[in-house]
Amino acid sequence: MKETINNREYEENLEKQGIKYIAGVDEVGRGPLVGPVVTACVILPLGYTLDGLTDSKKLTAKKRDMYFDIIMKDALSVSIGMKDEDIIDEVNIYEATKLAMYDAINNSKIKPEHVLIDAMKLEKLEIPSTSIIKGDLKSITISAASIIAKVTRDRMLIELDKKYPEYGFAKNAGYGTKQHIEAIEKYGIIKEHRKTFKPVSDHLNHLYKK
């Protein structure tokens, strides 16, 4: 039998301590060659459950959109943080992700009493927090943040695709697919490309050497 993960264990433990506002924080977009890294901070009502909600990567786009609408309606607070390609190139993707997470938390209309974070540690956060490996599977609040971040970023890439259809952003979400890399070789890079990421940096180096 497949083991069922209790995705409310962390929330239940905090609720038993009298903590009311538990935030889940997750990111999307660390690996793509183009666009921002997007983070979300979500606070759900006490005892909240939602059947089938899990890591956004394990769901279809249609299901992500469905859960996105439900979470936006039901959540006590939903906030976004993002850092664009310029910041990513300046400080590196890991640091940019942390900065975006701080922004998402600071943008919350309700101040969290405890923050559950997927994998990463936010050393400068002044709110108590727990970093959870595979948190988007183990915590419903992080799962909700995962959905919000993923859908938000995917919709941005769909808009970018309308402007630059050659790169296939609507399908590849900015990742380095064969179509995307071939388009870089044929059409060059756009402003939204991350200049420090291979093969974007390789393309630039090749141009400089000409």
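User: In what order do the strands of the open sheet stand?
Analyst: This is a predicted model, where local features need pLDDT of at least 70, side-chain atom pairs count only at pLDDT 80 or more, and totals for chains, interfaces and linings use all residues. Residues are numbered from 1 along each chain as its sequence is written, and side-chain values use heavy atoms, without hydrogens and water. Strands (E, at least two residues) and helices (H or I, at least four) are DSSP runs numbered from the N terminus. The sheet has 5 strands with mixed pairing (at least two DSSP bridges), in the order 3-2-1-4-5.

User: Which strands stand at the edges?
Analyst: An edge strand has a single partner strand, so one side of it lacks a neighbour in the sheet. That describes strand 3 and strand 5 (129-132).

User: Which residue is the bridge partner of Leu116 in strand 5?
Analyst: Strand 4 and strand 5 run parallel, joined by 4 bridges. In strand 5, Leu116 is partnered by Thr130.

User: What angle does helix 6 make with strand 1?
Analyst: Helix 6 (residues 140-163) packs on the sheet and touches strand 1, strand 2, strand 3, strand 4 and strand 5 (heavy atoms within 4.5 Å). Between the N-to-C directions (lines fitted to C-alpha atoms, for the helix over the stretch in contact; scale 0 to 180 degrees), the angle is about 40 degrees.

User: Which strands help cover the buried residues of helix 4?
Analyst: Helix 4 spans residues 93-106, and its buried residues (under 20% relative accessible area, 1.4 Å probe, protein chains only) include Ile93, Met101 and Tyr102. Helix 3 (85-91) is part of the cover. The strands in it include strand 1, strand 2, strand 3 and strand 4.

Definitions and conventions:
The expected span of a helix is 1.5 Å times one less than its number of residues. Buried means under 20% relative accessible area, exposed over 50%, partly exposed in between (1.4 Å probe, protein chains only).
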